[in-house]
Number of protein chains: 2
Amino acid sequence: MNPQDALTLRLDRAARQSLAASQQGSAYLPELATLCLPVTMLWCRVLRHDPTAPDWPDRDRFVVPSLALQPLLHAMLRLTGAIGADTQAMPEYGTHPAVEVAPGPAGQGVAAAAGMALAEQILARRHGRSLVNHRVWVMARDTDLLTGVALEAAQLAGRFGLNRLTVLVSPGSHTDPAEFSDSLARFSASGWSVRWVNAHSLPAVNAALTASTRARKPTLIACMPSPIGTPADYMAPATVAEEEQIGPWSPTARRGASLRRSWLRRLSRHRGRDTFEREFASIPPPLLTEDWLRLWRQALHALPARSSQQAALAGLRALGAVRHELGVLAAASGSGAWHATPHAPSATHAAAPWPCGLQEHGMAGMLNGMALHGGILPCGVAGMITIDRMRSALRMAALMRRKVLYLLTDDGLALSDGGAGWQPVEQLASLRAMPHLAVFRPACAEETFACWQAALDWVEGPALLVLSPHETPEPPPAPPPGSGGFAGPPSGTAPRPPAVLAGRFGTAAHGGYLLCGEGTRDVTLMATGPEVGIARHAQALLAAHGLRVAVASIPCWEAFSRQTPAYRMAVLGDTGLRVGIEAANSFGWERWLGQNGIFIGMDDFGISAPANAVYERFGITAEAVCAKVLERLALSTPAKESPAPTPTLPRSRTGTRNK
Amino acid sequence: MNPQDALTLRLDRAARQSLAASQQGSAYLPELATLCLPVTMLWCRVLRHDPTAPDWPDRDRFVVPSLALQPLLHAMLRLTGAIGADTQAMPEYGTHPAVEVAPGPAGQGVAAAAGMALAEQILARRHGRSLVNHRVWVMARDTDLLTGVALEAAQLAGRFGLNRLTVLVSPGSHTDPAEFSDSLARFSASGWSVRWVNAHSLPAVNAALTASTRARKPTLIACMPSPIGTPADYMAPATVAEEEQIGPWSPTARRGASLRRSWLRRLSRHRGRDTFEREFASIPPPLLTEDWLRLWRQALHALPARSSQQAALAGLRALGAVRHELGVLAAASGSGAWHATPHAPSATHAAAPWPCGLQEHGMAGMLNGMALHGGILPCGVAGMITIDRMRSALRMAALMRRKVLYLLTDDGLALSDGGAGWQPVEQLASLRAMPHLAVFRPACAEETFACWQAALDWVEGPALLVLSPHETPEPPPAPPPGSGGFAGPPSGTAPRPPAVLAGRFGTAAHGGYLLCGEGTRDVTLMATGPEVGIARHAQALLAAHGLRVAVASIPCWEAFSRQTPAYRMAVLGDTGLRVGIEAANSFGWERWLGQNGIFIGMDDFGISAPANAVYERFGITAEAVCAKVLERLALSTPAKESPAPTPTLPRSRTGTRNK
């Protein structure tokens with residue numbers, strides 16, 4: 001046995017002892033025991049890891065997405081000295097940089113790791129292998145590999161050729177061997193290199209790890225327990241000298257420190273050093289807003305119609321030309337809209353989006369990994385209705401407070417025929433309910449710009465832009481003075497905070513603002529997205545009846561909620577009737593409407609009908625708004641409805657069909 | 001060429017002509033053309049389909065889940081006479097029984113078809129092959145097979161050995177052949193029999209269809225365009241005699257009618273005829289409530305603690321003994337709770353749930369298929385947090401208004417350590433926003449019974465029971481007179497409508513009711529689920545301060561919304577302060593709290609902490625409720641806060657981290 005092997009075996013014994021001592025993973029001890037030697041050898045000989053600088057950008061990512069397998073990471077961190085040897089509790093995500101992900105639903109970790117490997121590939125192309133040359137290792141459970149999100153991400157990893165990704169897995173104690181083998185065959189059929197390894201054989205593990213670093217595909221290493229079971233002496237808590245627990249790892253630490261030192265030397269000489277450091281610190285480049293604005297305006301000039309969707313996608317294309325760290329993944333549902341959007345003629349060619357087909361859930365999981373990797377600003381483009389499929393991954397981004405941008409196209413009812421199921425109805429409410437997530441639904445091209453900026457500035461977690469393919473029927477008011485009659489964003493010479501389009505009171509960046517009708521009013525019409533146009537039209541109709549009507553746009557509820565109560569009251573109006581208009585579910589609108597407000601929207605799923613017929617069918621029109629407001633005002637004038645003090649019990653109606 | 005082949009070819013030409021005439025599928029014409037001969041042969045020779053009775057229970061299900069491929073179904077329906085030959089528009093789901101599913105997101109149709117095949121297998125075991133002997137055919141697109149939901153459902157179909165399921169697929173015009181081949185390999189690795197077929201060869205198609213009817217596994221038939229492309233004469237709109245378009249199909253119709261007649265004869269002689277017909281008409285058996293109650297009470301006696309989760313699962317086990325048509329699928333996240341629930345000792349052994357592991361999305365898609373098949377009452381058991389992954393499928397059930405029951409376990413914050421991500425926070429709000437879906441969150445074992453009944457009675461769509469594993473701290477009031485001190489449901493001798501537990505005003509079946517404090521009150525505490533116990537405790541604390549406090553439980557918002565305004569006002573109180581208590585997000589609570597109410601809950605994700613520490617950390621305790629109410633009442637007594645008339649603009653705070 002050569003000295004290196006002897007060292008690895010000694011370290012393996014120390015890790016096993018540490019595992020046996022921790023009571024956390026007792027139910028998963030067989031699985032952990034099988035993975036122990038491969039992981040020890042990985043940390044000992046292969047992993048780029050410097051315990052003194054665990055957040056080094058060019059480190060290897062070692063991803064442990066399940067609580068069950070965390071004790072092994074814990075043992076590695078303790079033995080390498082990344083955390084104190086007497087730290088009993090596993091550090092949670094966010095408290096130690098070596099904990100790369102928060103534990104989440106099965107399969108999310110595999111998808112996130114694929115995203116990290118994609119980020120590595122993108123960054124290596126931009127900055128070269130001298131600065132970016134690391135790998136992503138995942139310790140997965142066999143159940144992770146069965147989930148839809150992992151299977152979707154595996155397809156994408158295979159398609160993109162993410163050869164820097166390696167998954168280590170071992171069958172659980174209750175796993176059917178045939179199902180485990182099937183599971184590996186599915187990965188093999190997704191463009192992965194799959195290797196079976198006797199997890200207790202030093203040469204086999206060594207060969208598999210070495211082969212995975214040379215593979216041209218993502219690699220899956222199935223670590224199999226040896227046929228006669230784990231050697232008994234491995235798990236026995238033998239007395240081991242203190243130096244054997246900690247001391248032997250010093251070569252590992254020395255290797256990591258030496259790798260990092262030479263990387264730092266290369267970085268200091270690299271001509272892209274400032275950009276690299278800026279991007280890893282998530283600092284936007286100087287003059288961002290000005291350059292972006294200029295490109296964006298050029299692109300807008302070429303647009304035939306200016307829906308929020310086209311404006312936002314033009315903004316994304318322009319942003320990609322200014323912020324090269326932008327990494328765009330596009331699902332099939334959103335890529336049509338992307339390709340229909342013109343590019344600013346003067347922009348240098350920004351990177352094309354990575355096509356993710358119908359694997360939206362895998363895509364969303366990978367976006368999380370790109371955000372976790374650092375150095376990339378991840379952005380996903382997909383159809384609004386597909387957000388339901390991505391919800392699990394989106395929640396992980398919100399939970400970890402990572403900045404992921406989503407541009408969700410084809411919102412609203414004015415879609416083409418065929419399939420009521422594609423019209424989003426409850427999606428807006430379900431997204432607004434998620435903590436740390438900001439949902440923007442801009443009304444028009446102008447508002448889109450302010451929302452785009454606010455989404456970039458949102459630091460609490462992910463941000464979504466919900467976009468409509470149809471032009472808002474009537475554009476919001478005349479362009480502000482100084483913009484020269486151009487309906488796009490104003491000429492951008494002002495420094496940050498950006499010049500957002502101001503309404504009569506407030507701006508879109510405040511989350512909600514008054515378009516017109518400041519002061520005392522009889523009615524306040526509130527809307528988001530394309531329905532702002534309906535509100536503007538209804539205002540004109542109601543004004544003809546002698547009513548003072550204010551119109552408020554509330555593109556982002558989360559930002560609006562964070563304004564002062566006085567500001568919100570000035571927008572919403574402390575007197576008069578409040579009316580909410582949105583081509584969606586009423587759920588949650590009571591927040592702004594109060595108990596006596598009216599909501600004009602839909603509390604059922606959509607129907608199949610051409611374009612605006614759906615708006616007509618659900619009564620989301622200026623005329624219907626006007627009629628309802630007049631009816632309510634006529635009713636409420638004489639006397640207020642007072643509830644009967646002792647009502648009789650109505651019969652339970654759950655058994656009857658209510659329409 | 002034998003006469004049958006000649007006939008098939010003539011019919012194929014008629015179908016192609018019909019396809020060419022319809023302009024709908026022009027973009028997908030190559031795909032449709034490839035599938036035309038296999039589908040024609042299927043309808044001509046194999047499919048159990050009687051155009052005069054398209055809703056015959058023992059028919060073959062022919063599932064076309066995508067709009068793109070519907071023209072071929074349309075052609076078949078027209079040519080067989082199931083719809084008029086001059087019907088230009090494809091019938092939508094719900095308007096014709098031969099349209100088995102509504103078009104939905106990619107992959108959902110494959111999962112639903114797997115559910116139908118499972119339903120067939122369950123029913124065949126119960127009623128025998130003389131009554132149930134059909135197959136499920138799916139015409140899928142290649143993109144369907146790439147999605148996570150289809151891959152999950154495929155694993156389940158393979159595991160359950162659903163040999164009555166056949167998927168027909170052909171590569172799209174832009175599909176990479178290697179990716180298509182990989183896609184089939186993934187199905188092959190999931191326990192499927194995969195066959196490649198030249199779609200223009202009569203003998204090959206015939207052999208594949210025959211083989212699939214004899215296979216012991218689910219079958220995937222890849223219909224490949226012939227190497228030299230579709231023969232040109234196939235697509236040419238040649239003049240075909242009228243009898244050739246309609247006439248030749250009469251053998252198909254005759255075959256279907258003859259199959260159905262002999263089936264009807266077998267049914268009329270079958271001793272289980274009444275049960276079979278009742279179950280297909282979704283009519284509960286006579287004496288259901290009484291029998292169920294008796295078994296349920298027996299099971300409850302054996303329970304050590306009576307959390308809503310244990311009560312509901314005991315109710316499910318008891319229901320399975322009474323309603324044999326119950327089909328239960330259990331995800332790994334819910335099966336632990338299921339197995340921990342005792343069975344009523346006298347109950348005949350109800351069917352064990354089908355284990356679905358971590359494939360929750362596939363499971364939910366299959367539940368839809370079971371509901372669509374008929375004759376089965378599908379019920380899914382899974383962890384509450386996994387509902388995010390099932391959301392897309394759940395929406396399809398709501399859209400198609402199919403009755404699917406979900407028992408969601410492990411709700412609430414009082415979970416064990418490790419992983420803040422598993423604590424549901426925004427899930428309740430996101431579910432309450434979905435149209436046609438009823439969400440029940442019972443407080444205790446007693447309320448669980450009423451909610452279980454109401455969920456069964458809910459006819460608009462799917463219903464969810466959201467369950468907590470922890471006993472509600474303080475049980476709701478003393479058992480009603482006549483229940484003999486037993487805290488379970490009252491002895492069930494009353495006829496339907498069921499004897500639900502009545503509070504002081506209303507019942508849980510109304511969706512919301514008063515537990516105590518009818519009449520004038522200073523404060524109304526509203527809660528759902530285990531937080532009702534906190535409200536009851538807070539009531540005692542506030543009463544000590546001389547306040548009149550009412551406590552309302554609102555287990556089902558959807559049912560409560562459907563009560564009269566007078567009833568709701570009597571529960572919520574028209575005077576006094578309203579306080580909502582729920583260990584979840586506040587989103588949507590303004591509906592019941594109004595503008596001035598207080599919400600006690602959490603607007604952030606959970607934390608990792610043992611059991612009740614999370615409640616303490618987020619201030620969801622009786623003491624915290626009491627303190628907040630007293631503070632608010634002290635504040636509001638002197639004067640009401642009035643907003644400043646002309647507030648200054650606060651700076652935009654989207655860029656700052658708000659906690």
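## Two chains, two helices and a sheet

User: How many residues of chain B are in contact with chain A in this structure?
Analyst: Good place to start, keeping in mind that this is a predicted model. Contact here means that the C-beta atoms of two residues lie within 7 Å. Chain A brings 83 residues to the contact, and the number from chain B is 83.

User: Which helix gives the most to the side of chain B that touches chain A?
Analyst: Several helices of chain B each supply at least two residues of that side, including α5 (148–160), α6 (177–188) and α18 (445–457). By class, the side has 35 nonpolar, 28 polar and 20 charged residues. With six residues, the helix that gives the most is α16(B).

User: What relation holds between chain A and chain B?
Analyst: Let's look at how one copy is laid on the other. Chain B fits on chain A with an RMSD of 0.0 Å after a turn of 180 degrees and a shift of 0.0 Å along the axis. That is why the relation is that of a two-fold axis.

User: How are α15(A) and α16(A) directed, roughly parallel or roughly perpendicular to each other?
Analyst: The axes of α15 (residues 360–373) and α16 (residues 387–399) of chain A come within 7 Å and cross at roughly 15 degrees. Angles under 35 degrees count as roughly parallel. The two helices, α15(A) and α16(A), are therefore roughly parallel.

User: How many nonpolar residues does the contact of α15(A) with α16(A) have?
Analyst: Among the residues that meet here are Ala364(A) and Ala371(A) in α15(A), and Met390(A) and Leu394(A) in α16(A). The contact also has three polar and two charged residues. The number of nonpolar residues is seven.

User: Which are the edge strands of the open sheet in chain A?
Analyst: Five strands of chain A form this sheet in the order β12-β14-β13-β15-β16, with mixed pairing. An edge strand pairs on one side only, and this is the case for β12 (513–516) and β16 (598–600) of chain A. The edge strands are β12(A) and β16(A).

User: In β14(A), what is the bridge partner of Cys516(A)?
Analyst: Strands in a sheet pair through backbone hydrogen bonds, either parallel or antiparallel. In this sheet, β12(A) and β14 (residues 549–553) of chain A pair in the antiparallel sense over three bridges. The partner of Cys516(A) in β14(A) is Val551(A).

How values were computed. Residues numbered from 1 in each chain as written. Chains lettered and ligands numbered in written order. Predicted model: local features only at pLDDT ≥ 70, side-chain atom pairs only at ≥ 80, totals over all residues. Least-squares fit on C-alpha atoms with pLDDT ≥ 70 in both. Helix = DSSP H or I, 4+ residues; strand = E, 2+ residues; numbered from the N terminus. Nonpolar A, V, L, I, M, F, W, Y, C, P; charged D, E, K, R; others polar. Axes fitted to C-alpha atoms, helices over the stretch in contact; angles between N-to-C directions. Parallel < 35°, antiparallel > 145°, perpendicular 65-115°, else oblique. Pairing = 2+ DSSP bridges.
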